[in-house]
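Visitor: I'd like a close look at one spot in this protein, please, and then a walk outwards from there. I'm new to this, so take it slowly.

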Amino acid sequence: LPTVYNDMAGPDWWTWLVLHYIADTKFMSIFSILFGAGVCIFMERANSKGHSVWKLQTSRMGWLFVIGILHAYLLWFGDILVTYAISGMLIATVRNWKPAVLFILGFALMFIIPIVFKLFIFWTMQFWPEKDVLAMQQSVILDSPEVQLEIAAYTGSWLDQLPHRVSIAFMLQFIILPLYLLWHCVGLMMVGMAAYKLNILSASKSVRFYIVIIALSALIGFPLIAIGVWQKQLHDWDPATVQFLVSNWNSVGGVFIAFVWICLVMLVCKLGMLTYARKALAATGQMALTNYLGQTIICTFIFYGHGLGLFGQLERVELLYVAVAIWVFQIIFSMFWLSKFRFGPFEWLWRSATYLKWQPIVRKN
């Protein structure tokens, strides 16, 4: 929340507001949609090559689960790979369903179950012990003992961070994942499967199609997000209300803005624009796992105590410079790496583990 560090005016406020409209939850939605399409592609290719499709899919998701567990408990509790591994196994069972069914059921799963869960939690707060309600309120107060303990943990050593990271990762994986996150991701992945089957993700549709989807998605998504911002201000940024009630506006609106981004990229590809930028981003996308884990490694070094210890030290707008610097580095690194090698380093390890055989990595001239 921007209220934690009083980012309610000036560049910090506009940084929060703009990112809330165009980025927050939107890119996780895009990643989930593409992951669903990726499951279809992987299993289709495995089948065409005569492999045991389910054996490979189980191996692939199993190793992704292992990578996610290590990531969550050793580096950063905000891991998404564990959720993706479980979701990947579930959606593989429906990969042959018709696109219309995948679309309808996907939207229902990503919205109805998570929203009902959050509304239920909000309703139960009237029965919570007073100390638990107080803890919720203090979770976003900078001077509260809870927040100060978190800051102390992450500005300390790796061992100092471990208890907090483990407790949060455990809560996310055993409570938030089965009751909320799994359904949202599975729904997005099913929509991604449908979009793949309908050739939406291959820039095969008409220019008019993508323009219409961009316009409709923007007309739905941005007003929903705006209502959410207005509601947050109306409720004075109360953490319980924001987390369990008002956040639903952005959860729904964000998915539509994700489709604005997707269709914008498809339009750029279809029109043959920004050739060099497309090649650069394609290389970065081919190394998605390496770049995802790489961002954790880079950022934990920058912000945590075992590195530079800048946790909580930078203004919100200053964090933009850090993000852009990391993007530039990773784009350049991805292009250089793939000029020499067939896969990113973590992609190569994941692929080798999936097939239980070291895969050739050096690119042949």
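Guide: Let's get one term straight before we zoom in. A helix here is a DSSP run of H or I with at least four residues, and the helices are numbered from the N terminus. So a label such as α14 is just a place in that numbering. Keep in mind, too, that this is a predicted model.

Now for your spot: Leu356. You'll find Leu356 in the segment after α14, and that helix covers residues 345-355. The backbone is what catches the eye: Leu356 has a positive phi of about 55 degrees, although it is not a glycine. Is Leu356 buried or exposed? Its relative accessibility is 69%, and the cut-off for exposed is over 50%, so Leu356 counts as exposed.

There is another residue with a positive phi to put beside it. Ala203 isn't a glycine either, and its phi is about 60 degrees. Ala203 sits in the loop between α8 (158-197) and α9 (207-234). Its relative accessible area is 16%, and anything under 20% is called buried, so Ala203 is buried.

Let's step back and take in the whole chain. The protein chain has 14 helices and zero strands. Its radius of gyration is 21 Å, close to the 21 Å that the globule rule gives for 365 residues, so the chain is as compact as a globular protein of that length. If you boxed up the C-alpha atoms along the principal axes, you'd need roughly 60 × 45 × 40 Å. Of the 365 residues, 42% count as buried.

Some of those buried residues are worth a visit. Gly36 lies in helix α2, and with 0% relative accessibility it counts as buried. The C-alpha atoms of Gly36 and Met193 are separated by 5.2 Å, although the two residues are 157 apart along the chain. Leu177 has its place in helix α8 and, at 6% relative accessibility, also counts as buried. From the C-alpha atom of Leu177 to that of Ile86 is 9.8 Å, and these two are 91 residues apart along the chain.

Next, the charges. Side chains of opposite charge can pair when their charged atoms come close. How many salt bridges does the count come to here? The answer is two. One joins the side chains of Arg316 and Asp7, with 3.0 Å from N to O. Arg316 lies in helix α13 (residues 316-340) and Asp7 in the segment before α1 (10-22), so this pair ties together parts that are 309 residues apart in sequence. Asp7 is buried, with a relative accessible area of 5%, while Arg316 is partly exposed at 23%. The other salt bridge is between Lys131 and Asp132, with 3.4 Å from N to O. Here Lys131 is exposed, with a relative accessible area of 63%, and Asp132 counts as partly exposed at 31%.

Some charges form a group on the surface instead. Arg45, Lys49, Arg342, Arg363 and Lys364 make up a positive surface patch. Take Arg45 from that group: it lies in helix α2, residues 26-48, and at 56% relative accessibility it counts as exposed.

Last stop: a nonpolar surface patch of about 910 Å², with Trp14, Val18, Phe222 and Tyr321 among its members. Which helix gives the most to the nonpolar patch? That's α1, with four residues. At least two residues each come from α1, α10 (239-270) and α13. Trp261 is one of the patch residues; it has its place in helix α10 and is partly exposed, with a relative accessible area of 31%.

And back to where we began: Leu356, exposed at 69%, in the segment after α14.

Note on methods: Residues numbered from 1 in each chain as written. Predicted model: local features only at pLDDT ≥ 70, side-chain atom pairs only at ≥ 80, totals over all residues. Heavy atoms only, no water. Patch = residues over 30% accessible without salt bridge, like charges linked within 9 Å, V, L, I, M, F, W, Y side chains within 5 Å. Areas by Shrake-Rupley, 256 points an atom, 1.4 Å probe, with all protein chains shown as cover. Salt bridge = Lys/Arg side-chain N within 4 Å of Asp/Glu carboxyl O. Lys, Arg positive; Asp, Glu negative; His and termini not counted. Charge placed at Lys NZ, Arg CZ, Asp CG, Glu CD. Buried < 20%, exposed > 50% of the residue type's maximum accessible area, 1.4 Å probe, protein only. Rg over C-alpha atoms; globule rule 2.2 N^0.38 Å.
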